[in-house]
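User: I am new to reading protein models and would like some help. Could you take me through this one feature by feature, with the general idea before each case?

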Amino acid sequence: MPLTAAFLAELGGIVGPDALIATPEGRLAYEADMHVFYRGMPDAVVLPSTAAQVVAVVRLCRREAVPVVPRGSGTGIIGGAMAPTGGVTVSMNRMNRILELDFRNRCAVVEPGLINLWLSNATRPHGYYFAPDPSSQMVSSIGGNTGTNAGGPHCLKYGITTNHVLGVQVVTGAGELVWLGGKVQERPGYDLTGVTVGSEGTLGLVTAVAVRLLHEPEAVKTLLASFPTLDDASETVSAIIAAGIVPSALEIIDEFFVRAIEEGVGAGYPKGAGAVLLIELDGPREEIEAQAHRIVPLCREHGALEIRVARDEAERALLWKGRKEAAGVVGRMSPNWLLQDAVVPRSRLPEIMRRMQAIAARHGIRIANVFHAGDGNLHPMVLYDDRVPGELERARAANDELLRECLALGGSVTGEHGVGLDKAEAMPLQYEPADLAFMARLRRCFDPDGVMNPGKLLPDHPACGEGFRQRLPELPPGAWV
Amino acid sequence: MSVAVSTVALTEVLAEVVGAEHLLTDPAAREGCAVDGRAPRWVARPADAQQVSRLVMVAHAEGLAVAPRGSGSSVGLGNPPARLDLVMDLTRLDQIEDHAPADMVASVGAGARLDVLDGTFAAAGQMLPLDPAGGEQRTVGGVLATGSSGPRRFRYGTGRDLLLGVRFVQADGTVTWGGARVVKSVTGYDVPKLMVGALGTLGVIVSATLRLHPRPAAAGSWLLSFGSPAAAESLVAALLDSAIEPDRIALVDAGARRRAGLGDGGWAALVSIGSVAEAVASQGAALARLGARHNADVGAAPESAWPALGRALEGPVRLRVGCEVRRVVHWMRELGRLGADGAGEPSAVAEAGNGVIHLALGGATAGTADAVRRLREALAPEGGSAVVERAPATLKAGLDAWGPAPPGAFALMERLKREVDPLGVLNPGRFVGGL
């Protein structure tokens, strides 16, 4: 749907000529997020610098029935920040200021384009940090994290983004500018902040976020245990949780990744390990020492080959290095992959990992894993080579089967990436029509004309505009898991 | 009389749903379930979600107004109902539907009582950390729907952080599910959050899937006594800015302290630490040092001091104030003035790390409504609120229970209520802004 010259002129008038991108080569950079399957070029891109500009853009788009696609850093992996039916992409990168650090209230107010890590970088000298730490945190924005309700390794103990958002300033699909929630935690009324977080830009566009800051823990302890098999590592995770210990992170790295990481960046993982379990504890010193004393024997009981404990920050960084580099080395394993992030009840982790191996074998493909094991949030990468006829189809079949197995065990379609375009059609696996209808009603209240990020989050919307591409381009330079 | 005929016919229909023995029409039962003095025409005691659904379907079709009810402890919350026909007592929905200790997740009926649940979860070394004052006898559904919280909120959050999935009955009787049964899920809108604190006005909670936490192996509590509110303020600020990790921080004024049986020593903070024994000891010692630096008198306190705080909040008038964390002491002092015109000694207990103050008053006078209104005006600039949780009819008649909602946010709330309950079946008139 090409935009008229008059529309573009009006758009440019709102944001200024240097904040409007209308050329095809300029727009190309916005045709996809990190999910390479989904392409959809916006007809225009704006980079507003104030909430008032966002309001004017949304009102204009609503008036002209032009879709609005919110976008942060574009590091999502769900086909969220792309424009399947064209329209105007609103890129929030220029709204990236920290508006207020308020340590007495243990919170900060930031603009949505602020890079996640920059906030903690600003607060750590004062002894505080922002807990949600998606692996993309050095590039993803807090607005994007809010839109997808992002998680991360340390969400096991501290919860995902929604547990850390106190309020949002949002421009609704109706073009209203409202604050929902804020610094004060206790408020009468419906928890509209809670539904805005994770709404993937389908209710409105977030223009400011009030976030909770946590005080730095007294101490941190990082352990790395290697196991002969993935099964042993999974059983250990379930045993740790069942023992009533909630580490701040419990990450499994499987054999595929251990090998690729060693070849790629050399994190010093034990040779021949079938899986590595990264365990991080934080809190009062005596508490984490006591927990470590219980965890070490649990690892041994489950056949640990080796257990390392970081003695200082440098060693800790080394233990994390492999985990943090995991996404970067995936290209060593396979030219292409499918990624999902379904969840199972955490006690069913060993079972789903066994089933996963069986599914992979049945379809004749490989599945590699590096994931947040402690909360049952899987990140299987279904590896394939799209130059081999039929591999993509087999990979997709295996991926689909795995998702259904997770739901059959009582799980969830997505644990932290979100729904976007990628999983909209999987929503009925988890929800009945009445449940989805309730969500659709909620959406209507915020966005009566359906201009906000159409096609995302809920099923029964027109599918991807430019269609599913069979032939895939090169892997993105980095993707975060 | 057509009304009488209709009532008889409806009574038959409702009795058919729940069984005649669970449909109460006698005056004593109806008066016992009155909301702000208004008795319903029927009290139904459904056994399961299906019966709740059918009751609401009947109400929806016949234009009846329904008020869900748990233990009844918080029935005073909200504005007087615009209409009230049917009270649904949900206490028979008290099953623990599923408790998976290894997952630290449980699904329970809305009518399950916190004390009963606690016994079950404790046996597995776990807990549901919802501890509103006087809450042991309360139901999960009631605590969630009223958005009640207690001191454990500081570490574990509120119902919004603990409710992973929810089954509810919509205003037309449709049984609906939101959320997931696992600890981490972002599949679709976070519908469970909408049910927390909504007073049943968007749907009737019939079952809740909740995140549980490990019960700390050891715990200790300390009472810190202060010479002045200013000293209390500086201590709490220092505690929040330290690496000490309490699981509960309650700040009490002199009245609350006395009524809770914690002595006559003026303002105090009750702080607990839950962890392993070694950490409780070391963190407790750090707390004592911090207290000494702020001239506080620090002594060990028994666990029983916590439930005793509930006693300090009994009384005919109760307020829930939300404010900035750093302003808690300021507002506690302001609240202290509410008793000045003879409304009885105020008694305030604050969740000091979360900006929540619970206040009990011995009574209301002619000036109380105006005093609350002035308080709300003063709280407004920081986004604060003062909700009347309980009050005599005379006070409620002239005072909105919730206070004003921000207009922009309220417009969305209004649209949402209209969208999901256009006929006003669920608790009409009782919620914020008369929703």
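**Reading contacts, helices and sheets**

Analyst: Let us begin with a contact between two domains: in this predicted model, 18 residues of domain 2 of chain A are in contact with 15 residues of domain 3 of chain A. Two residues count as being in contact here if their C-beta atoms, placed from the backbone, lie within 7 Å. The domain assignment places domain 2 of chain A at 219–329 and domain 3 at 333–408, and the C-alpha centres of these two domains are 22 Å apart.

User: Which elements of chain A supply at least two residues of the side of domain 2 that touches domain 3?

Analyst: They are α8 (230–242), β13 (249–254) and α9 (255–264) of chain A. Of the elements on that side of domain 2 of chain A, α8(A) gives the most, with seven residues. When the residues of domain 2 of chain A that touch domain 3 are sorted by class, eleven are nonpolar, two are polar and five are charged.

User: How many residues does the contact take from domain 2 and from domain 3 of chain B?

Analyst: In chain B, domain 2 covers 96–214 and domain 3 covers 218–308, and their C-alpha centres lie 29 Å apart. The contact takes four residues from domain 2 of chain B and six residues from domain 3 of chain B. On the side belonging to domain 2 of chain B, two residues are nonpolar, none is polar and two are charged.

User: How many residues does each chain give to the contact between chain A and chain B?

Analyst: Chain A gives 77 residues and chain B gives 69 residues. Among the elements that give two or more residues to the side of chain A are β9 (177–181), α10 (285–301) and α16 (433–446) of chain A, and α16(A) gives the most, with nine residues. The side of chain A that touches chain B has 32 nonpolar, 27 polar and 18 charged residues.

User: How should I read a helix, and which residues of α9(B) are buried?

Analyst: The general idea is that an α-helix has 3.6 residues a turn, so residues three or four places apart point the same way. In this structure, helix α9 of chain B (residues 229–240) has twelve residues and reaches 17 Å from its first C-alpha to its last, close to the expected 16 Å. Its buried residues are Ala232(B), Glu233(B), Leu235(B), Val236(B), Leu239(B) and Leu240(B). These buried residues of α9(B) pack against several elements of chain B, including β12 (218–225), β14 (268–275) and α11 (277–293).

User: How do I read a sheet, and in what order do the strands of the open sheet of four strands in chain B come?

Analyst: In general, strands of a sheet pair through backbone hydrogen bonds, either parallel or antiparallel. The open sheet in chain B has the order β1-β2-β4-β3, with mixed pairing. Its edge strands are β1 (23–24) and β3 (66–69) of chain B, each of which pairs on one side only. β1(B) is joined by two bridges to strand β2 (residues 42–44) of chain B, and these two strands run antiparallel, with Leu23(B) opposite Ala44(B) in β2(B). Helix α3 (residues 49–62) of chain B lies across β2, β3 and β4 (86–89) of chain B, and runs at about 170° to β4(B).

User: Why is strand β17 of chain B said to be largely enclosed by the rest of the structure?

Analyst: Five of the five residues of β17(B), which covers residues 347–351, are buried, so the strand is largely enclosed by the rest of the structure. Ser347(B), Val349(B) and Glu351(B) point one way from β17(B), while Ala348(B) and Ala350(B) point the other way. β17(B) pairs in the antiparallel sense with β13(B) over three bridges, and with strand β18 (residues 356–361) of chain B over five bridges. Ala350(B) in β17(B) stands opposite Leu251(B), and Ala350(B) also stands opposite Ile357(B) in β18(B).

User: Which residue takes a positive phi in the hairpin of β17(B) and β18(B)?

Analyst: In that hairpin, which has four residues between the strands, Gly355(B) takes a positive phi near 70°. For the hairpin of β8(B) and β9(B), which has five residues between the strands, Gly173(B) takes a positive phi near 95°. Strand β8 (residues 163–169) of chain B pairs with β9(B) in the antiparallel sense over five bridges, and Thr176(B) in β9(B) is the bridge partner of Phe168(B).

Notes:
Residues are numbered from 1 along each chain as its sequence is written. Chains are lettered from A and ligands numbered from 1 in the order in which they are written. This is a predicted model: local features need pLDDT of at least 70, side-chain atom pairs count only at pLDDT 80 or more; totals for chains, interfaces and linings use all residues. Domain bounds come from an automatic or database domain assignment. Ala, Val, Leu, Ile, Met, Phe, Trp, Tyr, Cys and Pro count as nonpolar, Asp, Glu, Lys and Arg as charged, and the others, Gly among them, as polar. The expected span of a helix is 1.5 Å times one less than its number of residues. A residue is buried if 20 or more other C-beta atoms lie within 10 Å of its own, exposed if 12 or fewer, and partly exposed in between; C-beta atoms are placed from the backbone. Two strands pair if DSSP finds at least two bridges between them. Axes are lines fitted to C-alpha atoms, for helices over the stretch in contact, and angles run from 0 to 180 degrees between N-to-C directions.
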